[in-house]
Amino acid sequence: MIGSRRAAWITLAVILIAVLALVVILIPWRVAPIPVGGTVPDATRDFTPAELSRAAALAARIQPTALLSLAVSLVISALLGLTSLGARIVTLAARPMGGGWVWQVILGSLALGLIGRLATLPLSAYAETVLRRYGLSTRGWGLWAADIAKSVAIGVALTALVLMVFYGSMRLAPRLWWTIAATAVAALVVVGSFLYPVLVEPAFNQFRSMPQSQLRGDLLAVAERDGVAVDDVLVADASRRTTALNAYVSGFGSTRRIVVYDTLLDSESPAVIETIVAHELGHAKSNDVVLGTAIGALGAAAAVIAGYLLVGWAPLLRRAGASSLADPRSMALVLFVLAAVGLILAPAQSLISRQIEASADVHALDLTRDPAAFIEMQRRLGIRNIAALEPNQLYYWVFASHPSTVERIATARDWAQVNRASPP
Ligand SMILES: [Zn+2]
C-alpha cells in the first residue's frame with residue numbers, strides 16, 4: 001500500500017494535469033484578444049481628447065487605490081499568518097465561548113475577516129468618493145456601509161464553512177483527511193456557483209423580468225436564433241448604486257440567468273442592448289460558467305492537497321504559533337498562503353478570462369453581423385463606465401478580465417474586414 005503522502009502527490013499531479021488540459025483544450029486560445037488583422041488599436045480614432053483625459057484621470061486615482069488596498073491586505077495577512085499574532089487572535093476570539101475548535105474556526109474567521117476589512121476600509125471610502133465625483137456611484141453612505149457589511153458577512157460565512165470542512169476532516173480522519181476535504185471543498189465550489197444567483201445576488205439587487213416590449217421580444221428572438229435556451233431576461237436595479245452599464249450571465253443548469261442592468265434600458269439604443277445580450281449569449285452558449293466552475297473546483301481541491309503536503313513544513317507552523325496544521329490556530333497562515341497563491345495566479349486567471357471575453361465578442365459579431373452596433377456599444381460602455389481606455393500595461397496583464405475597449409473595437413473592425421461587411 002502506498003503511503004498517504006505519496007498518494008497525495010500523485011492526486012495533486014493528476015488534478016493539475018486535468019486543470020491544464022481543461023485550460024488548453026476548452027479555453028478559446030485561437031481567438032486573439034489583441035486583433036491580428038489589419039486594424040491597429042487606436043483610442044484617438046473613437047474617443048475625443050476630453051473623453052480620453054477623463055478616463056486617464058479616473059484610472060490614475062482608482063488603480064493606485066486598488067493596488068494599495070491589495071498591498072495593505074497582503075501585508076496584514078502576512079503579519080497575522082507569519083507571526084503568532086493570528087493564532088493569538090483566534091484563541092482570544094473563541095475564549096468567551098469556551099475556546100473549542102469549532103468556535104475557534106467560526107469566531108477566528110470572523111475576527112480575522114473583520115481585521116482585514118477594517119484595514120482597507122479607508123481606501124474603499126476614498127474610492128467611493130472618487131466614483132461619486134465622477135458621477136459613477138449613486139449610492140449614499142448608508143447603502144455603501146450596508147453593501148460592505150453584507151459582503152463581509154457572506155465572505156466570512158463562506159470562509160468559515162470551508163475552514164470547518166478543512167479542520168473538521170482532519171479530526172475525522174487524521175491520515176486521509178485530505179481526500180475528504182478536497183472532495184468536499186470542490187463540491188462546495190460547484191454548489192456555490194449553482195446557488196450564487198439565487199442566494200447571493202438577491203442580497204444586493206432586486207431582479208424583475210424585463211417588461212413586455214419590442215426589445216424583450218427582439219432579445220428572446222436573438223437567443224432563439226442563437227439556439228440558446230433562455231426563458232427570461234432579468235433586469236437588475238443597478239441604478240440604486242451606479243450609473244455604469246453592464247450585463248452578465250451567472251449560474252448554470254436551472255439557475256442560469258442573463259441579467260442586464262436597468263441603467264442600460266434607460267439610455268441605450270436597442271441595437272446596443274442587443275449586441276450586449278449577444279455577447280452574454282456567447283458565454284451561455286459555450287458554458288463559460290460551467291467551465292469556470294470546473295476549473296475553480298479542481299483548483300480548490302488542489303489547494304487543499306497542497307495544504308496537506310505542507311504539513312511537514314513544521315517551522316512555518318511553529319512560526320505561526322500553531323501546534324500542527326490540524327490546530328485551527330494555523331488559520332491565519334492558511335489564509336495568507338491562499339491570498340499569496342491567489343495573487344501569483346492572478347495574471348494567468350486574467351489571461352484566461354480575456355480569452356473567454358474575446359471569444360464572446362466574436363460570438364456577438366457572428367450573431368448580430370453588425371460591427372457598427374458593436375463599436376457603438378463599446379464606445380457607450382467606455383464613455384459611460386469611464387473605462388481605462390489606454391490601460392497601464394502592468395495593471396492590464398495582472399488584473400484586466402476583459403480586453404481593453406480599444407482592442408475590442410479593433411476586433412470589430414477586423415471582423416468587418418474578414419467578413420467583407422462595410423468597415424465602420
Ligand atoms: Zn463577457
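Leaving aside neighbours within four places in sequence, which residues is Leu264 in contact with? They are Leu245, Ala247, Ile273 and Ile276. Two residues are in contact if their C-beta atoms, placed from the backbone, lie within 7 Å. Keep Leu264 in view while we set the scene.

This is a predicted model, in which local features need pLDDT of at least 70 and side-chain atom pairs count only at pLDDT 80 or more, while totals for chains, interfaces and linings use all residues. Residues are numbered from 1 along each chain as its sequence is written.

Start with the whole protein. Its secondary structure comes to 17 helices and four strands. Helices (H or I, at least four residues) and strands (E, at least two) are DSSP runs, numbered from the N terminus. The C-alpha atoms fill a box of roughly 70 × 50 × 40 Å, taken along the principal axes. The radius of gyration is 23 Å, which agrees with the value near 22 Å for a compact globule of 424 residues. That radius is taken over C-alpha atoms, and the globule rule is 2.2 Å times the number of residues to the power 0.38. Contacts often span long stretches of chain: among those between residues at least 6 apart in sequence, 78% join residues at least 24 apart.

Next, burial. A residue is buried if 20 or more other C-beta atoms lie within 10 Å of its own, exposed if 12 or fewer, and partly exposed in between; these C-beta atoms are placed from the backbone. Buried residues make up 34% of the 424 residues.

Back to Leu264. It lies in helix α10 (residues 262-267). Leu264 counts as buried because it has 23 C-beta neighbours inside 10 Å. Its C-alpha atom is 9.6 Å from that of Ala238, 26 residues apart along the chain.

Now the largest nonpolar core. A nonpolar core is a set of buried Ala, Val, Leu, Ile, Met, Phe, Trp, Tyr and Cys residues joined through C-beta atoms within 7 Å. In soluble globular proteins, nonpolar side chains tend to be buried together. Here the largest core has 46 residues, and Val260, Ile276 and Val277 touch the most other members. Elements that give two or more residues to this core include α9, β2 (233-236), β3 (247-250), β4 (257-261) and α11. The largest share, seven residues, comes from α11. Another core, of 45 residues, lies apart from this one; Leu12, Leu112, Leu325 and Met331 are among its members. Val260 shows how distant parts of the chain meet. Leaving aside neighbours within four places in sequence, Val260 is in contact with Val233, Val235, Ala247, Ile273, Ile276 and Val277.

Helix α11 also packs against α9. Two packed helices are described by the angle between their axes and the distance between the axes. The axes of α9 (residues 214-226) and α11 (residues 270-285) come within 10 Å and cross at roughly 35 degrees. Axes are lines fitted to C-alpha atoms, for helices over the stretch in contact, and angles run from 0 to 180 degrees between N-to-C directions. Leu215, Asp218, Leu219, Val222, Ala223 and Asp226 in α9 meet Pro270, Ile273, Glu274, Val277, Ala278, Leu281 and Lys285 in α11. These residues divide into nine nonpolar, no polar and four charged. Ala, Val, Leu, Ile, Met, Phe, Trp, Tyr, Cys and Pro count as nonpolar, Asp, Glu, Lys and Arg as charged, and the others, Gly among them, as polar.

Just past α11, look at the loop between α11 and α12 (288-309), where Asn287 lies. Asn287 has a positive phi of about 50 degrees although it is not a glycine. It is partly exposed, with 15 other C-beta atoms within 10 Å.

Finally, compare two sites. Is Ser359 buried or exposed? Ser359, in helix α14, counts as buried because it has 21 C-beta neighbours inside 10 Å. Leaving aside neighbours within four places in sequence, Ser359 is in contact with Pro28, Val31, Gly282 and Ser286. Gly135 sits in the loop between α5 (101-133) and α6 (141-172). Gly135 is exposed, with 11 other C-beta atoms within 10 Å. Gly135 and Ser359 are 31 Å apart in space, C-alpha to C-alpha, and 224 residues apart in sequence.
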